[in-house]
Amino acid sequence: MEQTLIIFKPSAIERALVGKVLSRFEQKGLTITGMKMMQLSEELLHQHYSHLVSKPFFPLILHSMTASPVIVMVLQGIQAISVVRSLTGATNGREALPGTIRGDFAMSNQENIIHASSSPEDAETEIRRFFRPEELFPRTAAATPFINSTDELGIPASPPQGTDSQDKKA
Ligand code: ADP
């Protein structure tokens with residue numbers, strides 16, 4: 001199972017969209033394994049967006065991402081990183097496809113509702129950046145066998161009920 005980091009940006013918090021966006025992840029079958037609210041510091045944002053520090057819009061990122069507290073979350077699932085990126089949509093909300101989170105809730109490049117890790121390497125670094133180990137709760141949700149098939153979960157398939165050896169003898 002993969003884990004991926006989501007940040008509900010101030011655009012989600014202040015527009016009261018957290019519940020709507022989170023329900024999309026839950027409906028899809030992703031499991032929450034970490035969640036907390038925090039105020040981001042400029043220092044943390046320099047680390048998190050280090051690939052964008054030289055861009056002319058970096059001051060905008062700092063301003064926007066510190067405008068309110070954010071909610072950081074870890075979601076778990078098979079191929080969770082790419083699944084969440086597909087649900088998220090393109091960076092610019094005006095160009096993101098309808099049906100995606102940004103396509104349905106955003107009209108902006110910066111005010112685009114959530115951050116989602118873009119690769120397994122980034123996800124690992126980002127989860128460590130925002131969560132201490134004791135704040136994470138990797139677990140197998142009770143519904144897991146109804147979210148993924150046994151072959152996907154690496155579990156040997158048991159015979160269908162009513163076809164065990166005793167039934168055959170009878
Ligand atoms: P993504 O969030 O889709 O992974 P990037 O890593 O390229 O995209 O950018 C990180 C964040 O920086 C974006 O989500 C957005 O908030 C901001 N950003 C990116 N490009 C622009 C831009 N051209 N103008 C304003 N903000 C931008």
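**R85 first.** I looked up where R85 sits, and it falls in helix α5, which runs over residues 80-88. I'm keeping in mind that this is a predicted model.

**Is R85 annotated?** I went to UniProt for this one. Its unreviewed entry lists R85 under "binding site", along with K9, F57, T91, R102 and N112. I then checked those positions against the largest pocket, and its lining includes K9, F57, R85, T91, R102 and N112.

**What fills that pocket?** I checked the ligand next: the space it takes is the largest pocket.

**Who is around the ligand?** I found 13 residues around it, and K9, R85, T91, R102 and Q110 come nearest. So R85 turns up again here, as one of the nearest residues. Sorted by class, the shell has five nonpolar, five polar and three charged residues.

**Polar contacts.** I went through side chains facing oxygen atoms of the ligand.
- For Q110, a polar side-chain atom lies 2.8 Å from a ligand oxygen.
- For R102, I noted 2.9 Å between an N or O atom of the side chain and an oxygen of the ligand.
- For H51, the separation between a side-chain N or O atom and a ligand oxygen is 3.1 Å.

How much of the ligand does the protein cover? On its own the ligand has 530 Å² of accessible area, and the protein covers 79% of that.

**R102 and Q110 again.** R102 is in the UniProt "binding site" list, and its side chain has that 2.9 Å approach to a ligand oxygen. Q110 comes among the nearest residues to the ligand.

**Domain.** Last, I looked at the wider annotation. The unreviewed UniProt entry gives "domain: Nucleoside diphosphate kinase-like" for residues 1-138. In the model that span is 41% helix and 19% strand, and its end C-alpha atoms lie 10 Å apart.

Methods. Residues are numbered from 1 along each chain as its sequence is written. This is a predicted model: local features need pLDDT of at least 70, side-chain atom pairs count only at pLDDT 80 or more; totals for chains, interfaces and linings use all residues. Side-chain values use heavy atoms; hydrogens and water are left out. A residue is near a molecule or strand if one of its heavy atoms lies within 4 Å of it. A polar contact is a pair of N or O atoms within 3.5 Å; within protein, one must be able to donate a hydrogen and the other to accept it, and residues adjacent in sequence count only if both atoms are side-chain atoms. Accessible areas come from the Shrake-Rupley method with a 1.4 Å probe; for residues, only the protein chains shown count as cover. On a 1 Å grid over the protein atoms alone, a cavity is a set of points where a 1.4 Å probe fits but cannot get out, and a pocket is an open set with protein on both sides within 12 Å along at least five of seven lines; lining residues have an atom within 4 Å of a point. A molecule sits in a cavity or pocket if more than half of its atoms lie within 2 Å of its grid points. Ala, Val, Leu, Ile, Met, Phe, Trp, Tyr, Cys and Pro count as nonpolar, Asp, Glu, Lys and Arg as charged, and the others, Gly among them, as polar. UniProt positions are given in the numbering used here, feature names are shortened, and annotations may be inferred rather than shown by experiment. Helices (H or I, at least four residues) and strands (E, at least two) are DSSP runs, numbered from the N terminus.
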